[in-house]
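Visitor: I'd like a close look at a single part of this model, please. Could you pick one residue, tell me how it sits in its surroundings, and then work outward from there?

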Amino acid sequence: MSFIYKIEAYKETSEDMMEVFANKDQNIYILCDGAGGFGGGYNAAKTCISLLKEKLLSQTITETSLITDIRTTCFSLLSEGIGQTTLIVIVEKNNKIIGASCGDSDAYLLKNDSIEHITKNQQNI
């Protein structure tokens with residue numbers, strides 16, 4: 001595994017976190033937007049990235065496995081009362097991407113002169 005990049009937002013009170021790393025021939029991008037208004041957003045974002053990274057590094061990632069890993073990670077955060085975060089995961093391999101998200105954070109694909117919204121917001125009503 002080669003470590004590529006890790007960012008924690010620059011503001012002292014920010015609860016957002018991003019990490020980029022490689023698994024064999026796949027580049028993996030995880031963005032978590034910790035929900036500060038609900039408490040525990042930073043811990044939720046940090047834990048979410050840690051749990052997902054461990055799962056994603058141990059397998060060849062498919063669309064189905066990515067969705068399963070995100071679901072189990074989100075349920076773990078909720079059941080343990082760690083806090084709340086939205087997340088986006090993008091996996092790049094052979095000039096193709098797969099991705100999944102949970103919550104209301106958006107991801108966009110920038111290609112040539114166009115921009116495409118590639119996520120759908122999930123809401124509890």
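Guide: Happy to! Let's take Asp-106, which is partly exposed in this predicted model, with a relative accessible area of 34%. That value lies between the limits of 20% for buried and 50% for exposed, so the label is the one in between. Asp-106 belongs to the loop that links strand S5 (96–102) to strand S6 (108–111). On the surface, Asp-106 joins Asp-16, Asp-33 and Asp-104 in a patch of negative charge. A patch takes in residues with over 30% relative accessible area and no salt bridge, so the 34% of Asp-106 meets the area condition.

From this loop we can follow the strands on either side. Going back past S5 brings us to the loop between strand S4 (85–93) and S5, where Asn-95 is found. Its backbone deserves a glance: phi of Asn-95 is near 60 degrees, a positive value in a residue other than glycine. Asn-95 is exposed, at a relative accessible area of 77%.

Going forward past S6 leads to the loop between S6 and strand S7 (114–117), which holds Asn-112. Here too phi is positive, at about 55 degrees, although Asn-112 is not a glycine. With 78% relative accessibility, Asn-112 counts as exposed.

Now for the cysteines. Cys-32 is buried, with a relative accessible area of 0%. The cysteine sulfur closest to that of Cys-32 belongs to Cys-48, at 3.7 Å. A disulfide needs the two sulfur atoms within 2.5 Å, so this pair is too far apart for a bond. Cys-74 is in no disulfide either: the nearest cysteine sulfur, in Cys-102, is 3.4 Å away. Cys-74 has a relative accessible area of 13%, which makes this residue buried as well. Over the whole structure, the search finds 0 disulfides.

Finally, let's step back to the chain that carries these pieces. The protein chain has 2 helices and 7 strands, and along the sequence they follow the pattern β-β-β-α-α-β-β-β-β. Of its 125 residues, 34% count as buried; Cys-32 and Cys-74 are buried, whereas Asn-95 and Asn-112 are exposed. Asp-106, where we began, is partly exposed.

Terms used:
Residues numbered from 1 in each chain as written. Predicted model: local features only at pLDDT ≥ 70, side-chain atom pairs only at ≥ 80, totals over all residues. Heavy atoms only, no water. Patch = residues over 30% accessible without salt bridge, like charges linked within 9 Å, V, L, I, M, F, W, Y side chains within 5 Å. Areas by Shrake-Rupley, 256 points an atom, 1.4 Å probe, with all protein chains shown as cover. Salt bridge = Lys/Arg side-chain N within 4 Å of Asp/Glu carboxyl O. Lys, Arg positive; Asp, Glu negative; His and termini not counted. Charge placed at Lys NZ, Arg CZ, Asp CG, Glu CD. Helix = DSSP H or I, 4+ residues; strand = E, 2+ residues; numbered from the N terminus. Buried < 20%, exposed > 50% of the residue type's maximum accessible area, 1.4 Å probe, protein only.
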